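Got your viewer ready? Load the model, pick a colour scheme you like, and follow along.

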Amino acid sequence: MPQEITLQVNGRIHRVCVEPDTPLLYVLRNDLGLKAAKLGCGQGQCGACQVILDGQAVPSCRLPVRSVQGRSITTLEGLGTADDLHPLQQAFIEEQAVQCGFCTPGLIVAAKALLDRNPHPTEGEMRAELADNLCRCGVYDRVIRAIKRTMGQAAVRPPYEKQNRPEQLPQPQTAPPPFD
Ligand code: FES
Ligand code: FES
């Protein structure tokens with residue numbers, strides 16, 4: 001039976017009414033209109049659907065939406081905009097680290113999670129972090145160059161963090177507002 005689920009995505013609070021076992025990926029794409037994360041294998045093995053959950057890159061195709069209530073979720077849409085690219089997005093462009101682009105959202109959020117934890121990873125640490133992100137076009141070396149280009153940059157905060165939007169869920173309200 002559908003239930004109301006409260007999600008914190010890219011610094012905003014969303015309330016959706018869905019089956020609680022629905023994969024987070026489906027809710028992001030179908031209910032919130034956030035299409036960056038892709039459905040590849042659907043089995044947690046390709047990384048195309050990765051989002052950042054509490055600082056870790058995780059496959060959203062394997063996460064029941066009920067399990068992520070109240071936790072901080074960041075998708076590629078939360079990193080930058082066309083007018084204000086995140087440094088990783090800019091670096092992926094400059095290094096031409098994209099061919100078909102299907103794997104790119106997962107790779108960028110995985111790189112973001114890595115650099116947030118470790119601003120100066122070794123190449124071995126980068127490759128280990130991205131081991132779950134499969135790229136059929138084989139742009140791995142360019143991706144590594146893009147991450148190296150970004151390392152140490154201060155501006156690796158997404159726009160919603162720069163704008164200081166609330167990160168915490170608000171107190172429960174008696175009458176929930178309409179869905180976003
Ligand atoms: S679609 Fe989720 S890991 Fe492949
Ligand atoms: S750029 Fe095509 S799958 Fe990676």
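Here is a short tour, one selection at a time.

Keep in mind that this is a predicted model.

**Stop one: helix α3.** Select residues 104-117, the 14 residues of α3. Put a distance between the C-alpha atoms at its two ends and you should get 20 Å, which agrees with the 20 Å expected at 1.5 Å a residue. Now show everything around the helix: 12 of its 14 residues are buried, so α3 is largely enclosed by the rest of the structure. The buried set includes Thr 104, Pro 105 and Gly 106, as well as Lys 112 and Leu 115.

What do the buried residues of α3 pack against? Colour in the strands β3 (50-53), β4 (56-59) and β5 (72-74), then the helices α2 (87-94), α4 (123-129) and α5 (140-150), and you have the packing partners.

**Stop two: Val 109.** Zoom in on Val 109, one of the buried residues of α3. Ignoring neighbours within four places in sequence, Val 109 is in contact with Gln 50, Val 51 and Ile 52, and also with Ala 57, Thr 74 and Leu 76.

**Stop three: the core.** Stay where you are and widen the selection to the largest nonpolar core, which has 45 residues; Ile 108, Val 109, Ala 110 and Ala 111 touch the most other members. At least two residues each come from β1, α1 (24-31), β3, β4, α2, α3 and α5. The top contributor is α3, with 8 residues. Try colouring by domain here: domain 1 (3-79) and domain 2 (87-157) both give residues to this core, so it lies between them. As background, nonpolar side chains tend to be buried together in soluble globular proteins.

**Stop four: the β1–β2 loop.** Jump to Asn 10, in the loop between β1 (3-9) and β2 (12-18). Check its backbone: phi is near 50 degrees, a positive value in a residue other than glycine. Is Asn 10 buried or exposed? Asn 10 has 22 C-beta neighbours inside 10 Å, so it counts as buried.

Next select Gly 11, in that loop between β1 and β2. Gly 11 has 18 other C-beta atoms within 10 Å, which means it is partly exposed. Draw a line from its C-alpha to that of Ile 73: the two are 62 residues apart along the chain, yet separated by 8.0 Å.

**Last stop: Gln 96.** Head for the loop between α2 and α3, where you'll find Gln 96. Its phi is near 50 degrees, again a positive value in a residue other than glycine. Gln 96 is exposed, because just 11 other C-beta atoms lie within 10 Å.

Notes. Residues are numbered from 1 along each chain as its sequence is written. Chains are lettered from A and ligands numbered from 1 in the order in which they are written. This is a predicted model: local features need pLDDT of at least 70, side-chain atom pairs count only at pLDDT 80 or more; totals for chains, interfaces and linings use all residues. Helices (H or I, at least four residues) and strands (E, at least two) are DSSP runs, numbered from the N terminus. The expected span of a helix is 1.5 Å times one less than its number of residues. A residue is buried if 20 or more other C-beta atoms lie within 10 Å of its own, exposed if 12 or fewer, and partly exposed in between; C-beta atoms are placed from the backbone. Two residues are in contact if their C-beta atoms, placed from the backbone, lie within 7 Å. A nonpolar core is a set of buried Ala, Val, Leu, Ile, Met, Phe, Trp, Tyr and Cys residues joined through C-beta atoms within 7 Å. Domain bounds come from an automatic or database domain assignment.
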